[in-house]
Amino acid sequence: MPKIQTINRLKGFRDILPEDWYYWQFAISTMEELTLSAGFERMEIPTLEKADLYMRSVGEETDIVGKEMYIFDASKMGGGKDKKKDKSESLVALRPEFTAGMVRAFIENGMQTWPKPITLYTLGRCYRHENPQSGRYRELSQFNVETFGEADPAIDANVIALVWDIFRKLKIPDIEIHINSIGCNECRPKIKKLLTDHFKKKQTKLCEDCKKRLKKNPLRILDCKNEKCQPIIAGTPVAVDYICEDCKKHFMSVLEYLDEAGVPYNLSPNLVRGLDYYNRTVFEVTTEESKRQNSLAGGGRYDYLIESMGGESTPAFGFGIGIDRVVDYLQNNSVKIPKSNSKVNIFMIQLGDEAKKVAIKRTRELRELGLSTGMAIGKDTIKAQLKAADKVNALFSIMIGQREAVTNTAIIRDMRDGVQETVELEDLNKRIYTMVEERIKEEEEYGKRSKLKNLK
Ligand code: HAM
């Protein structure tokens with residue numbers, strides 16, 4: 001028989017297997033828990049938007065939009081009536097990031113009338129057709145936080161402090177926060193002119209991309225990763241020295257608030273970020289391991305974006321964490337995460353056809369009572385099934401063998417210490433429900449006590 005060709009996943013796309021998912025779950029739940037406790041609310045936006053949205057916000061000249069966007073003409077698809085002739089309407093793109101979509105949602109849902117500041121978060125997949133390499137994927141996941149409606153520098157510091165807390169809770173203690181100010185619409189033209197004059201003299205030595213950047217946005221040359229440009233970048237005038245008095249005051253306040261909050265940072269005069277919408281404070285998070293290429297998170301202030309997209313002038317600040325990179329870090333550094341957050345209360349173990357029938361019926365009844373259940377139907381021996389129960393950290397297992405099926409009984413086994421008791425089937429649901437309830441209460445009490453102990 002001819003060998004059938006298998007179909008593999010696309011380059012830069014990944015499968016997340018159950019053993020990896022524990023890390024993902026730990027990373028996401030830690031980020032969500034802290035963000036929710038800081039008063040942010042979750043929302044969702046579409047994965048697919050009009051390509052124009054990203055072109056106008058992130059910027060057509062940026063790598064993310066200019067080179068890496070998954071963009072296609074939706075008018076040529078399917079049999080729908082939605083076949084617009086207008087090219088800009090039909091060109092759609094998979095989101096390369098969240099901020100543009102969040103801003104569109106802000107304007108479209110009339111959020112300017114909501115009490116401010118508006119604090120929101122979202123998470124999910126984004127798509128960038130980058131050159132895949134370690135820590136750089138074409139399908140990537142971000143945890144994204146935005147604050148709308150407040151220009152106070154305390155917002156910048158407070159949100160950066162949230163990032164710091166998230167990384168500490170994620171057990172990634174060796175992060176570095178790099179921070180800079182790139183000025184505002186008042187002072188940026190002056191800075192751009194200064195940089196243009198500086199780089200023009202060395203134009204021939206710049207890479208091809210930077211030659212284009214020199215015309216469009218010389219600030220972005222500072223962000224170039226090309227080896228060729230590094231010596232030229234090294235001798236550049238420092239933009240932060242040329243920002244206006246208001247921007248200086250804002251930046252100094254952010255730093256003071258961070259000092260006060262005990263959040264360490266590095267001043268990084270060449271940090272400009274690869275998206276066009278930022279002004280004033282910008283920041284990135286790296287670790288020793290991730291270096292500059294692979295920042296774990298990045299963000300900043302974007303006070304002009306909402307207005308430039310047709311909304312009311314509204315200051316804003318936000319950040320995105322690369323969840324893939326966080327998970328890679330946890331796995332590469334064998335960071336111990338809390339053992340499986342499995343919520344399986346009861347694992348049903350059965351032996352023989354009759355027992356299997358009873359077990360299936362009982363598991364459904366227990367689920368209806370609100371208990372979570374597990375079962376390893378294909379496994380024949382008690383030993384293999386007990387191993388499966390252990391693997392998912394079940395609190396109790398219920399064992400129904402041939403004898404129990406005939407005598408209408410079941411054995412409850414406490415998976416913590418192996419203590420077993422036999423119960424009549426008619427009493428099983430009530431008994432196991434009480435046992436699970438008591439165990440969960442006990443574990444919660446223990447959790448609270450250890451938290452208090454850490455406070456002392
Ligand atoms: P960004 O720096 O482009 O910012 O992305 C945020 C994070 O996403 C990066 O720090 C990195 O960890 C992760 N990331 C980016 N590209 C990749 C990739 N190809 N593979 C794996 N991870 C990646 C933004 O997207 C802004 N929208 C953040 C923001 C929110 N600014 C204000 N609000």
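Select Thr-196 first in this predicted model: once its neighbours within four places in sequence are set aside, Thr-196 is in contact with Leu-214 and Pro-218, so displaying those two residues together with Thr-196 shows the contacts in question. Thr-196 belongs to helix α7, which covers residues 188-200, and it counts as buried because its relative accessibility of 17% falls under the 20% cut-off.

Stay on helix α7 and move the selection to His-198, which also has its place there. With residues up to four places away in sequence not counted, His-198 touches Ile-232, Gly-235, Thr-236 and Pro-237. His-198 is likewise buried, at a relative accessible area of 12%.

Next, turn to the sheet by selecting β2 (48-50), β3 (71-73) and β4 (residues 91-94). These three strands form an open sheet in the order β2-β4-β3, and their pairing is antiparallel. The edge strands are β2 and β3, each of which pairs on one side only, and from one strand to the next the twist averages 35°.

To look at one pairing in detail, keep β2 and β4 in view, where three bridges join the two strands in the antiparallel sense. Here, select Glu-49 and then Ala-93 in β4, since these two residues stand opposite each other.

Finally, add helix α2, residues 51-59, to the selection. Helix α2 lies across β2, β3 and β4, and its direction makes an angle of about 70° with β2, so that a view including all three strands together with helix α2 completes the tour of this part of the model.

Conventions
Residues numbered from 1 in each chain as written. Predicted model: local features only at pLDDT ≥ 70, side-chain atom pairs only at ≥ 80, totals over all residues. Heavy atoms only, no water. Pairing = 2+ DSSP bridges. Helix = DSSP H or I, 4+ residues; strand = E, 2+ residues; numbered from the N terminus. Axes fitted to C-alpha atoms, helices over the stretch in contact; angles between N-to-C directions. Contact = heavy atoms within 4.5 Å. Buried < 20%, exposed > 50% of the residue type's maximum accessible area, 1.4 Å probe, protein only.
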